[in-house]
Amino acid sequence: MTYRTLAPEELRLVCDPEQFEFETTEDVPPLEGIIGQERAVRAMEFGLAIKRYGYNIFMTGQTGTGKSSYAQTLAKEVAATEEVPDDWCYVYNFEDPSHPVALRLPAGKGSQFAKHMEDLVETLKIEIPKAFDADDYERQKAEIYRAFQEIRAKLFEELTAMAEEMGFVLKRSSSGFVSVPIVDGEEVATEDIDKLPEDLKEELERKSSELQFNALHVMRRIQAAEREMKDKVKELENRIGLFAVGYLIDELKERYSQEQAVVDYLQAVQKDILENLDDFRQTDEDSIPLPWMRRKEEAGYKYQVNLVVDNKETIGAPVIIETNPTYYNLVGRVEYENKFGMVTTDYTMIKAGSLLKANGGYLIIQAIDVLSNPGAWEGLKRVLKNREACLENLGEQFGLLAMSSLKPQPIPINVKVVLVGNPYLYQVLYHYDEDFRKLFKIKADFDIEMDVSREKMTQMAAFIASYSQREGVRPFDRAAVARLVEYSARLAEHQEKLSTRFNEIAEIIYEADTWAGLMGEGVVCSEHVKRAIEEKIYRSDTYEQKLQELIAEGTILLSVDGAKVGQINGLSVLNSGDYVFGRPSRVTAVTFLGREGIINIERETKMSGRIHDKGLLILSGYLAAKFAQKIPLSLSASITFEQMYGEIDGDSASSTELYAILSSLAELPLRQDIAVTGSVNQYGEIQPIGGVTHKIEGFYKVCKLNGLTGKQGVIIPVQNIKNLNLQDEIIEAVRAGKFHIYAVSTIEEGIEILTGMPAGSPDEEGNFKPDTVFGRVAAKLEEYNKLLQLAKGDESEEE
């Protein structure tokens, strides 16, 4: 079997500064667009271009890949080429005040219309009282009253004459007229009527009834004349009012003749003004009895225009970034006013949400924010499904608030929503929300890495240049750019990839710039970038340092020299949130006679994850395939991670555990100066794992604490060579022969490194040579089988 000892050149991506054609990033044009997201860019460009129902966009990818900033940049770029959408305003509904009317006006005309209506009201407050203070109005009104007085006097005279002819005199009372009979030229009192003769009394009663009937007829004629008089006064007032109002309304009608809805509204305004002229003639606030009613009773209050969407200053289509997407901030609200214990509202208290403000344009929201606000997600979906914004309070939707309120006319919505989230949220919404896939048909998936190329490296320099221009960062020289490219490859954990987690790269840019400033340099060089990376690690590696101290003082048992049977150094990765590091730990295996198979102590104590359990079960398959073709696999083995007190998961230690079992069975010691990582399948092939760079660095630090011997090293899967991006110190140790990294592809290669003995290959009969690792394992398993058969025979004899 052959294995590879890796050369220093294979241990990381090396970026040659000489390949760059610039001296500093001052010579590089700032970056336009985004680096390494071709798939996401194409999806975004198509998603913004298609103007069909349901083609909203969900941007998915890990945090720090530049999703939000790119969404804003691209949306603003596209929006700048599009038309400015219309303004929207709410006005009073004269037919049904509880349902305010929505008016649509061309961009910029909404504010003009609101100002014109405000000016109209102020003009009316002057012109209407002035018109009614004129002598002509008073003269015509006096003539109408005089004519009515003449008619009423004439009718009273006729009634009085009729009463005299019938022998009565009419007298006024609180209830109208009272007829008093006259007998022998004298008035007869009510109490004296009963003393009159019966025939005279009957005659008087008949005449009195006839007189009362005629008096009623006269009173009706007087009332009719009074109504006619009032109608004439009203007609006069309307004529005077129309004279004061009509030309003003006509001017507005002509100005907004292209907007039929506005013309209809102005017609309704004119009608209402003429019906409520007294509102403008009465200007004394003291006449309003309740103080909280004065605002609403002010002349012309209901002619105000509530401009909810004003695109006067907008260039192109609007792009709204909603940072707090609550239900009300998205959909809008009807506000209430508390005055003297009374809660009131009206159409001027309607407020637009982000969906209305972005109408005709683009709305960018963080998915986690809209999902975490009660009612916001459902409200957003309702608007997108119905394609209209219906402003109503959240309590009314859930039946929590039984209070009369306004029902504003819904406004049609045409908005492109861009949700920014992560892959987990996308999958949850796609599978569990049936509306999501109908409303967000475009997925813009942002990758966390991109291929290495000279073009991408140059774009990285342009990325730095854009920060210099926008944030005032010092220019980077070519060596600093090269160092940053190498750091990007380390973040990507791949020698042929660069990371697109630009937020983390930007942190190093800022910090390297700061270190350059502290050192009094005007240009950021490679040493400043290196210092920024080292200091960033130092601020976060407290936990790793504590573990290293425990290993150094012997609290955590770990050997980095010598050889022991059934004991090996495994490698795992710990993540403390802002820092990831490798931790070596001792793995031990004990084999003995039995049929229980491999016993995982972590699984028995419920400290093992499912993937780790699967890896151990694979070991049973490997041992059976390799050594149980002729005899049953009679084996009991106990295996564990020593001094590990948290949950263990993953299969990256399965090859490590297999080496320990083989060592125990073969009674061959394993080198303790070598740590192992790698997954294994049932055929003994080594499979790649994650975090290989951190694992190697973790074991190197332990070896350094105990002193480098020149023999120490790590065994890794051959597939993980491309994932190496080790620190300079380790690469120099490898170059000096003080540390070694071995790449293996099979269990056989790894066991030979650890034991110094050939693994062994089966002959034609499937037997292994006794002086090989597998030969010794097979011999031990055959011995176990014989002992078990013997024990079984003894049990049968006893029975």
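Is helix H24 largely enclosed by the rest of the structure or largely exposed, and how many of its residues are buried? Because 11 of its 15 residues are buried (under 20% relative accessible area, 1.4 Å probe, protein chains only), H24 is largely enclosed by the rest of the structure. The model is predicted, with local features requiring pLDDT of at least 70 and side-chain atom pairs pLDDT 80 or more, while totals for chains, interfaces and linings use all residues. Residues are numbered from 1 along each chain, and side-chain values use heavy atoms, without hydrogens or water.

**View A. Helix H24, residues 692-706.** Helices are DSSP runs (H or I) of at least four residues and strands (E) of at least two, numbered from the N terminus. Among the buried residues of H24 are His694, Lys695, Glu697 and Phe699. Glycine 707, just after H24, adopts a positive phi of about 100 degrees.

**View B. Lining of the largest cavity.** A cavity is a set of points on a 1 Å grid over the protein atoms alone where a 1.4 Å probe fits but cannot get out; lining residues have an atom within 4 Å of a point. Glu544, Leu547, Gln548, Ile551, Phe581, Gly582, Arg583 and Pro584 form the lining. Helix H20 (542-552) and strand E23 (580-592) each contribute at least two of the lining residues.

**View C. The open sheet E4-E3-E8.** Its 3 strands pair in the antiparallel sense, where pairing requires at least two DSSP bridges between two strands. Strands E4 (101-105) and E8 (306-309) are the edges, each pairing on one side only. E3 (residues 87-91) joins E8 over 3 bridges, and tyrosine 90 stands opposite asparagine 306 in E8.

Notes:
On a 1 Å grid over the protein atoms alone, a cavity is a set of points where a 1.4 Å probe fits but cannot get out, and a pocket is an open set with protein on both sides within 12 Å along at least five of seven lines; lining residues have an atom within 4 Å of a point. The expected span of a helix is 1.5 Å times one less than its number of residues. Buried means under 20% relative accessible area, exposed over 50%, partly exposed in between (1.4 Å probe, protein chains only).
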